[in-house]
Amino acid sequence: MTMNSNEPLTLFVSQFVEELVLSGVHDAVISPGSRSTPLAVLLQDHADMKTYIQIDERSAGFFALGIAKAKQKPVVLVCTSGTAAANYYPAVVEAFLSRIPLIILTADRPHELRDVGAPQAINQNNMYGEYVKWFTDAALPEADPGMLHYVRTLAGRAAGHALSMPMGPVHLNFPFREPLMPDLNHPLLWAKKERTRPKVSVPSSRAVLSEQQYKELAHTLNTYQKGIIVCGELNDTKAVQGLIELSEQLGFPILADPLSQLRAGSHRKDLVVEHYDSFLKDEEIAELIKPEIVIRFGSMPVSKPLFLLLKNDPSIYQIVVDSSGGWRDPTLHSAEMIHCNEAEFCQSIMLHARRKENVCWAEKWLNINRHYAVLLNKIEDFDGELFEGKLYMELQSMLPQTCTLFVGNSMPIRDIDTFFSKTDKEIKIYANRGANGIDGVVSTALGMSAAIKDPVFLLLGDLSFYHDLNGLLAANLQKLSLTVIVINNNGGGIFSFLPQSQEEKHFEALFGTPTNLDFSKAAQLYGAQYQLAQSWKQFYSAFEELSSVSGLKILEVRTNRHTRVEMHRNLLKSVSQEIKEKLK
C-alpha cells in the first residue's frame, strides 16, 4: 500500500474517534472551522457518533453541557484554533464546578507556527487553567503502530478522566499540519470497528466507608434528637428513595432544594419540607426550629436563609456527604466530610442507627411548612397585575405530568425555590448552579432538549435570554422542541432585592439595566412561534396554544420590576405573621 500525504492524519484521528466511541462517548458538538477539519469530518463520518453543529462557540459549549447534564455521560466539544477555543471558557468553568463531563478538543497550529505571528494562533496550552481535570497537548499525527496505540490510549484516558469522580471537563489540544482533509476512502478507515471493547478501560471507582465508620456515625446520630436532612442539587436519582427512608428512620425532616429532585415525583413526601427558604427569613421562627445536627447531601442549596442558619451557628453539628470526594462546605463548619455514594450511605447508616419517634420535633417543621403552603394560596388575590410569584405557582399546575423544567439564575431559580410546591408530577428541575451565571442558559436547555424525549420548558429572565439569543439557532439546526418562557421585567430584577437598590442616583443605569428589547423580533429571526402575555387571561391562553405545537416556542410575560419587590415582601411578611400567631 502506498503511503499518501493524508494517511497519517486519517489513521491517527480516526483511531482516536473510534476509541472514544468504544469508551462510551457517542455525542459531539462541532463548531465549524478549518484547522479542526480532521476531527470534525471523522466525528461526522463515524456511524456511532451523533454530531450537532453549533456555529457560535460560546453557545456550542453550553449546548454540549446540556446534553452531558441530561445524560451524565461525556460529550465531545470541537473547535478550530485561536479565540474560538477561548469562547468555550464559560461553559468549561460551569462544567467543572457542576461536575459535568466534557471532552474539549481544540485544533491548533503545529509547533513551528506557534509564537511566530501565524494567523489564528494563540497559546492554547492549559488555556482553561484549573477548570479542567486533565490537559494534554497531543503529538502530531503519525501512522506507525506505536503512535496509533498512543492516540487510542489518549482517547481512553480522556473519557476515563471525564467520568472519574468528581466528573468534569478534560482538554486535549491537537496540532495539525496541512493538508487537513482526511481520506474518507482509505482502505483502513474504520477497519478496527470489529473491536467490541476499548484498548484501555478506565472504570470509575467510588469511595466507601468501613462498617466501623458507619457504626461511629450512627452512634453520633443516635445522640441527637433535633436533626434535619438538607438536600441540594443531586444528579443521582437512585439516592431519592434512600434519603426518604433515612429521614423516616431518623425522624429528621428533609429540606429539599428544587434541584434535589425530591419536591416532585411519585415517592413519599411526608417529611419533605419545601418552603423553608421563606419562613427561615423570620428570626423568631428560625430560632424555634433550629436543629442540633444536619446531614447535607449534594451541593449547597439555593436558599440564602438556610445558608446563613448553617453559617452563623457553629454549634450545629454538620455532616456533609459527597460521593465525588469534593469539598462543598461554604459554611466552613462541617464536622464530618463523608466521601461516599449517597444511596449507599443511607442504606448503611440505617443498618446501625436506631429508629426515632421524633414526632414533636418533625411536626414543628411540618406544621410550619403546611401553614405556609395554605397561606401561600393568598397569592390568588393577585388577579390583576402579573405578579411573578403567582406566575410560578400557576405554571406548576399547568406543566404536563412528565416534563423537564430548566430554570435560569438570578430571580427565576429563587422564585422556584419560594413558590414551587411538592407535587406527584414527574417534573425534573435543572439549572446551571456551578458558577450561577446567566450566560448560556438558552443553549444548555436546548442541549437537554436534544437528549431528553419528554417536553422541555425553559424559564428565564429577559437579561439571561438576551445573553444567549445566538443559542436559539440550535433549535432550527437540530430540529429541537423547546418552550421558552421569558419573564420580562425589563432589567435585572434581583438587584431590586439587594442593598444597591437604595442608591437611587445610579441604580437604574448600573443595576436595573433596562434594555427595552422587542423579543418578537428575535422570535421572527429564529423562526420561533411567539406569544406575548400582558394579562393572566393572555398567559393562560398563550401557554395552552404553544403547548399544543412542536418546535421552538417563545412566551414572553411582561411584569413590573418596580412593584414586584413590595408585593413579594408584603406577601411573605403577612404569611410569617399569621404563622407566628398560629404557633403561639
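**Helix α3**

I began with the residues of α3 that are buried (under 20% relative accessible area, with over 50% exposed and partly exposed in between; 1.4 Å probe, protein chains only). They are E57, S59, A60, G61, F62, F63, A64, L65, G66, I67, A68 and K69. That makes 12 of the 15 residues in α3 buried, so I noted the helix as mostly covered.

I should say that this is a predicted model, where local features need pLDDT of at least 70, side-chain atom pairs need 80 or more, and totals for chains, interfaces and linings use all residues. Numbering runs from 1 along each chain as its sequence is written, and side-chain values use heavy atoms, without hydrogens or water.

Next I checked the length of α3, residues 57-71: at 1.5 Å a residue it should span 21 Å, and its end C-alpha atoms are 21 Å apart, which agrees. At the N-terminal end I found D56 as the cap, with a side-chain oxygen 3.0 Å from the backbone nitrogen of R58. Just past the helix, Q72 has a positive phi of about 55°.

**N222**

I then looked up N222, which sits in helix α7 (residues 211-222). Is N222 buried or exposed? N222 counts as buried because its relative accessibility is 13%.

**The cores**

Last came the largest nonpolar core (buried Ala, Val, Leu, Ile, Met, Phe, Trp, Tyr and Cys residues joined through side-chain atoms within 4.5 Å). Among its 61 residues, F279, L280 and W365 touch the most other members. Helix α13 (residues 359-376) gives the largest share, eight residues. I also noted a second, separate core of 51 residues, including Y52, A95, L102 and V132.

How values were computed:
Helix = DSSP H or I, 4+ residues; strand = E, 2+ residues; numbered from the N terminus. Expected span 1.5 Å × (residues − 1). Polar contact = N/O pair within 3.5 Å; in protein donor to acceptor, adjacent residues only side chain to side chain.
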